[in-house]
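Please open the model in your viewer and keep the selection panel at hand. The stops below move from one selection to the next, with a short note on what is there.

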Amino acid sequence: MKDKQNNLVSLAEKTITYGSEKVDQLEVLIQDNYELSCELVLGQINKAVKSQEAGASVRCVIEHRIGSAFTNSLDQPTLEKTVNRAIAAAKASTPDKTWKDFPQKLKASKISGTWDDSIPEKDPSVFVDIVTKIGKRISERDSSIIIGEAGTGGFYGWTAYANTNGVALSDKGTGVFAYAVLVAPTDSGMTPGVWSIDVNRKFNLDLDYVVNNTVDKVLLAKKTAKGQTESGTVIFGAEALGELLYFALLDSVKGENIVREKSKLADKLDDTIASKILTITDDGLQKGAYATSLFDGEGVPRQTTSIIEKGKLRSFLWNCYWAQRHGVKSTGNASRNLRTGVVDIAPTNMIIPGGKRSREDMLSDISSGYLIQGLQGAHSSNRETGDYSVVGNPAFRIEDGELTGAVHGLMLAGNAFELLKKVVEVGSDVRSHLIGGSSLIGPSIQFNDIQVVAKAD
Amino acid sequence: MLIDKLQKAADYGETLGATYVELRAEALNRSNTQYEDGRVRSISQRIEDGVAIRLLAGGTWGFVSSSDLSLNGLKDSVKDAYSLANSASKARKDPIKLAEIKPIQESVPLKVSRNPTDVDPKEKIAYMAKLWEETQRLDSRISAITIRQRDGIGTKCLVTNEGTQLELGFGHVHLWVWLTGKENGKITGARDESGSTAKGWEYYEDNQTPDVVAERLVDRVKKQLAGSKPKPGSFPCVLGPKVVGTLAHEALGHLAEADLTLQSAFAGKMGQEVAPKGVSMIDDGTIKGGLGTSKYDDEGVPTTRVELIKDGILNALMTDREYAYKTQLPPSGNARAEDYRYVPLIRMRNTFFERGDAFDDELFENIDFGYYCLGVAGGQAQMNASFQVGIQEAFEIVNGELGNSVTNMSISGIATEALLKIEGVGKDTFNFGAGRCGKGQEALISDGGPLIRFGAGPITFGGKA
């Protein structure tokens, strides 16, 4: 396994040696990732899948013209051809006078909890057993539940990065996942699909969470409650809030949108933009977290960046290119699409520290409100204005401190920037959720004065 | 010959004991360009070969994807897939069975006038620069643009141990644009998507020229900047072709994908009335030039026109071979995989509502207050038929006439309830909209429909009081 990592970084360095004389600047990011998984469909084992996702993305600069190329074959001759294709792409491009350089050599970060020797050794039968157990436990809880899908698997892989500034890095990572998607028939049709997923970088899955959290939700969704159009109290589960923040707010803290004057937060650094009880940190070094790694898609060491600290906007997220254009340093948030060559800015692990009370305690004090544990349409939010108009699904009615059933077709409309100011309590139920390729490690959060729109009878 | 190697590997799978062996090999030449505010952000070229191996052993699927197309590599992957299926099958009770099909041997080349991968990247960049200039010329409030242009062309070979041998040329050109406008501190944006799987670069010379795309986008940004916030609640409305198409795809189409039907609000509804008489909804993989059109699907089944809702009755479902057997419906040619890295799933192609008999004017009559929704900013459906569609272009309807434009709105409802409350379907022709469906993997699709009127009640408008 150690050889694999060394071989990959050596391949990256040889690629730089091959191409460095032909261009002004050159970089290569190589990944070799594997996944073994097993899936249950409609309650029965349906398939076992083994996939390899290998690829190298080469980017070069010739007289301020930038070109990229991709290959899925990781051998030296093919990588050399890929360098030549990137050169051809650069020559066809137009100069970008704002371009400066690839990252320099920086002090390496330290991370832990991201590799488990046992995961690459797992036999498919291990995952078959786990998913069978998930299915059995769900059916034992309630036989009317339909297991739309359930799955589990393990992943592992290696990454290497090198550039013409002498940077040569490598990293490795493992993880396991398990999930369940459930529905149940109701008197009038079907519940919404509800799901839970657990991901761990070590072979240590929380099957109790996957089974019980999903079953609890679907059983509650079998009961129907009535909603009303109002401006009211809403508790967002972290999985739902994470989606809203990701699609309606996050673009405004990306450095690119600061430079391109597309962010309403551009001139708000150090201003109070949220409730004082809200803190959001991007932490690419969080121990054993889903998106933790040694370096980002441009070889810049991951770091911890405070975005909102007790309500105050503290920093934006940057990759190398946009940071250089703005005269600041990269925060290690480059995200590279190997195939398209686009280097974007993306969060790693967004951390929202928990409060004192559990969600149940928060609920018990609410005479009328809603608990939102999933959203439909967060991706259609206006990423520039922060305006959202989404459906809470599942959306549960809270009456006199109790969850009374699911409200079908409950819409929530408003503005994400205003939402930040309406936080009244942060729960203690901190947990990791996957949001758009990143993770949110956070709790349920209670908001007041949220516009909800109920479906007409 | 690649086909011969694939056949040898498929036959090898059979000797191992697999009851069905399928190899889908792809060789693709692709390019991606991203252009922003007058500069090329990224231009990337790639040639990618790979193979998907799927087989049934012990009544369970084993799937392996690989970039090794040598005969030994293919055989190793077949062996891996067999051992995966075997391992999983120990926990399966009823073996998966497939609907019978007639194996076809055919070569179907893709004929385009201008192969997009042969077009000089400079020409593509010039197109994008022209589009950016044109938007700025049309409105001085335009402040930023992001253009993602991609294209690809290649060959897909599908070989099975049943005798299917297909060699299919395939490709696409696709353009995604996000345009931003600013005025007095107000920032807003509009998006546009266009593409073709039947034409090459000529699609952007003949149909989607920079001035056409720019005009469409600037018009949307203007309306967003001028738009007022919508009222929350339920109102009568008229939905335009793009919104009707999204409703057909998101809210109803997914429920009629057989793998999801069994766990959705359409479960047990086959043959029942789900919409008023005269309402029909189709998924058609055979429409000439359709973005989701293909002669065969990724299991070698000829694509078909599936009349999902026929005159108000739930009439058919989209199937692959596994679900065709399970539901005893015909294989409809809807098995699609994004590329060699993915297992084929039941996916839509070109989904639409049939035209009705109402004149457009009639659809707006006697609406005291409501909304006319035209442009879409994405949508999402749920298994209980709950749908949400983001609307980026809409007008108020006041006393039967179009009023102010409205911004940042979305509509929602329970599709199975909304369908039954359709009050009128327009008779005019419509254009299909280009889209991408993301059921765990991407598929290029199109959707559309005539103007459709819904009475107050089934559709909720999300706005701020």
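A residue is called buried here if 20 or more other C-beta atoms lie within 10 Å of its own, exposed if 12 or fewer do, and partly exposed in between, with C-beta atoms placed from the backbone. Helices (H or I, at least four residues) and strands (E, at least two) are DSSP runs that are numbered from the N terminus. This is a predicted model, in which local features need pLDDT of at least 70 and side-chain atom pairs count only at pLDDT 80 or more, while totals for chains, interfaces and linings use all residues. Residues are numbered from 1 along each chain as its sequence is written, and chains are lettered from A and ligands numbered from 1 in the order in which they are written.

**Stop 1: a covered strand in chain B**

Select strand S19 of chain B, residues 409-414, where 6 of its 6 residues are buried. Both of its faces are covered, with Met409(B), Ile411(B) and Gly413(B) buried on one side and Ser410(B), Ser412(B) and Ile414(B) buried on the other. Two strands are said to pair if DSSP finds at least two bridges between them. Add strand S17 of chain B (residues 386-398), which pairs with S19(B) in the antiparallel sense over 6 bridges; here Val389(B) has Ile411(B) as its bridge partner. Then add strand S24 of chain B (residues 460-462), which is also antiparallel to S19(B), over 3 bridges, and find Ser410(B) opposite Gly462(B).

**Stop 2: a covered strand in chain A**

Is strand S18 of chain A (residues 387-392) largely enclosed or left open by the rest of the structure? Because 6 of its 6 residues are buried, S18(A) is largely enclosed. Colour its two sides separately: Asp387(A), Ser389(A) and Val391(A) belong to one, Tyr388(A), Val390(A) and Gly392(A) to the other, and all are buried. Strand S17 of chain A (residues 375-376) pairs with S18(A) in the antiparallel sense over 2 bridges, and Gln376(A) stands opposite Val391(A). Strand S21 of chain A (residues 410-415) pairs with S18(A) as well, antiparallel and over 6 bridges, with Leu410(A) as the bridge partner of Gly392(A).

**Stop 3: an open sheet in chain A**

Now display the open sheet of 6 strands in chain A, whose order is S12-S11-S10-S15-S24-S23 and whose pairing is mixed. Its edge strands are S12 (312-313) and S23 (431-435), each of which pairs on one side only. Within this sheet, strand S15 (residues 349-351) runs parallel to strand S24 (residues 438-442), and 3 bridges join them; the bridge partner of Ile351(A) is Ile441(A). Helix H5 of chain A (residues 238-248) packs on the sheet and touches S23 and S24, its direction making about 40° with that of S23(A).

**Stop 4: the two domains of each chain**

Domain bounds come from an automatic or database domain assignment. For chain A, that assignment gives domain 1 (2-219) and domain 2 (223-453), and their centres, taken over C-alpha atoms, are 23 Å apart. Two residues are in contact if their C-beta atoms, placed from the backbone, lie within 7 Å; by this criterion, 33 residues of domain 1 of chain A touch 30 residues of domain 2.

Chain B is divided into domain 1 (2-226) and domain 2 (233-462), with C-alpha centres 23 Å apart. The contact takes 35 residues from domain 1 of chain B and 27 from domain 2.

**Stop 5: where the chains meet**

Finally, show both chains together: 71 residues of chain A are in contact with 75 residues of chain B. On the side of chain A that touches chain B, strand S2 of chain A (residues 44-62) gives the most, with 11 residues. Strand S3 of chain A (residues 65-71) pairs with strand S2 of chain B (residues 39-57) in the parallel sense over 3 bridges, and Phe70(A) stands opposite Arg46(B).

Select next helix H3 of chain A (residues 124-141) and helix H2 of chain B (residues 71-89), which pack at an angle of about 35° with their axes 9 Å apart; axes are lines fitted to C-alpha atoms, for helices over the stretch in contact, and angles run from 0 to 180 degrees between N-to-C directions. At this packing, Pro124(A), Ser125(A) and Val128(A) meet Leu84(B), Ser87(B) and Ala88(B).
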